[in-house]
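I opened my notebook to get to know a new structure. Come along, and keep the picture beside you as you read.

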Amino acid sequence: MCRRAGFEPDVRFETDDLEAQIALIESGNAVAILPDLMRVRRPPALRVVDVDDRRRSVFTATRAAISGTPAIRACREALAAVVPAESTVP
């Protein structure tokens, strides 16, 4: 996203731990692009800037053997209802 916005990010920390990312941001040591779900448990003590939703891709993956099960079909239908295919950008 940074490169698309015209600048090279200065990456100093890397972690898959979203709680650690929040801690780095709250302590003033980092900025990050995080999913909205991080705001569900508790509002983070940081400035939140929403990004353009059109840059998101939503997809599902499953084993072929279970791809036609009612649970998988229901999940994919629910996602399709809220994330239309034309809203994703490659």
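These entries follow my look-ups, from the whole chain down to single residues.

**Entry: the whole chain**

I began by noting that this is a predicted model. I then looked up how much regular structure there is, and found two helices and zero strands in the chain. Next I asked myself how much of the chain is buried. The chain has 90 residues, and 6% of them are buried. For the surface I wrote down an exposed area of about 7600 Å², with 57% of it coming from carbon and sulfur atoms. I also checked contacts between residues with a separation of 6 or more, and 26% of those join residues 24 or more positions apart.

**Entry: helix α1 and its ends**

I turned to α1, which covers residues 18-26. At its N-terminal end I found Asp17 acting as a cap, with a side-chain oxygen 2.9 Å from the backbone nitrogen of Glu19. After the helix comes Gly28, and I noted that its phi is positive, near 85 degrees.

Which residues of α1 are buried? I listed Gln21, Ile22 and Ile25. Viewed down the axis of α1, these buried residues fall within an arc of 100 degrees, so they line one face of the helix. I jotted a reminder beside this: an α-helix has 3.6 residues a turn, so residues three or four places apart point the same way.

**Entry: Gln21**

I stayed with Gln21, one of the buried residues of α1. Is Gln21 buried or exposed by the numbers? Its relative accessible area is 16%, and buried means under 20%, so Gln21 counts as buried. I then looked for a polar partner, and found the backbone oxygen of Thr15 at 2.8 Å from a polar atom of the Gln21 side chain. Leaving aside residues up to four places away in sequence, I saw that Gln21 touches Thr15, Ala32 and Leu34. Thr15 thus turns up in both look-ups, as a polar partner and as a residue in touch with Gln21.

**Entry: Arg12 and Asn29**

I moved on to Arg12, in the segment before α1. Arg12 is exposed, at 66% relative accessibility. What lies across from Arg12 in space, 18 residues apart along the chain? I found Ala30, with 8.3 Å between the two C-alpha atoms.

Asn29 was my next stop, in the loop between α1 and α2. From C-alpha to C-alpha, Asn29 is 9.4 Å from Arg12, although 17 residues separate the two in sequence. I noted Asn29 as partly exposed, at 46% relative accessibility. Its side chain makes a polar contact of 2.8 Å with the side chain of Ser27. Not counting residues up to four places away in sequence, Asn29 touches Phe13 and Leu24.

**Entry: salt bridges**

How many salt bridges are there in the whole structure? My search gave two. I reminded myself that side chains of opposite charge can pair when their charged atoms come close.

One salt bridge joins Arg12 and Asp10, whose closest N and O atoms are 2.9 Å apart. Both Arg12 and Asp10 are exposed. Another joins the side chains of Arg3 and Glu8, at 2.8 Å from N to O. I checked these partners too: Arg3 is exposed at 58% relative accessibility, and Glu8 is exposed at 54%.

**Entry: a nonpolar patch**

My last look-up was for nonpolar surface. I found a patch of about 260 Å² made by Met1, Ile33 and Val51. Ile33 sits in the loop between α1 and α2, the latter being residues 70-82. Ile33 is exposed, at 52% relative accessibility. Val51 also lies in the loop between α1 and α2, but it is partly exposed, at 38%. How far apart in space are Val51 and Met1, C-alpha to C-alpha? I wrote down 9.3 Å, for two residues that are 50 apart in sequence.

Conventions. Residues numbered from 1 in each chain as written. Predicted model: local features only at pLDDT ≥ 70, side-chain atom pairs only at ≥ 80, totals over all residues. Heavy atoms only, no water. Helix = DSSP H or I, 4+ residues; strand = E, 2+ residues; numbered from the N terminus. Buried < 20%, exposed > 50% of the residue type's maximum accessible area, 1.4 Å probe, protein only. Polar contact = N/O pair within 3.5 Å; in protein donor to acceptor, adjacent residues only side chain to side chain. Contact = heavy atoms within 4.5 Å. Patch = residues over 30% accessible without salt bridge, like charges linked within 9 Å, V, L, I, M, F, W, Y side chains within 5 Å. Areas by Shrake-Rupley, 256 points an atom, 1.4 Å probe, with all protein chains shown as cover. Salt bridge = Lys/Arg side-chain N within 4 Å of Asp/Glu carboxyl O. Arc of directions from axis to C-beta.
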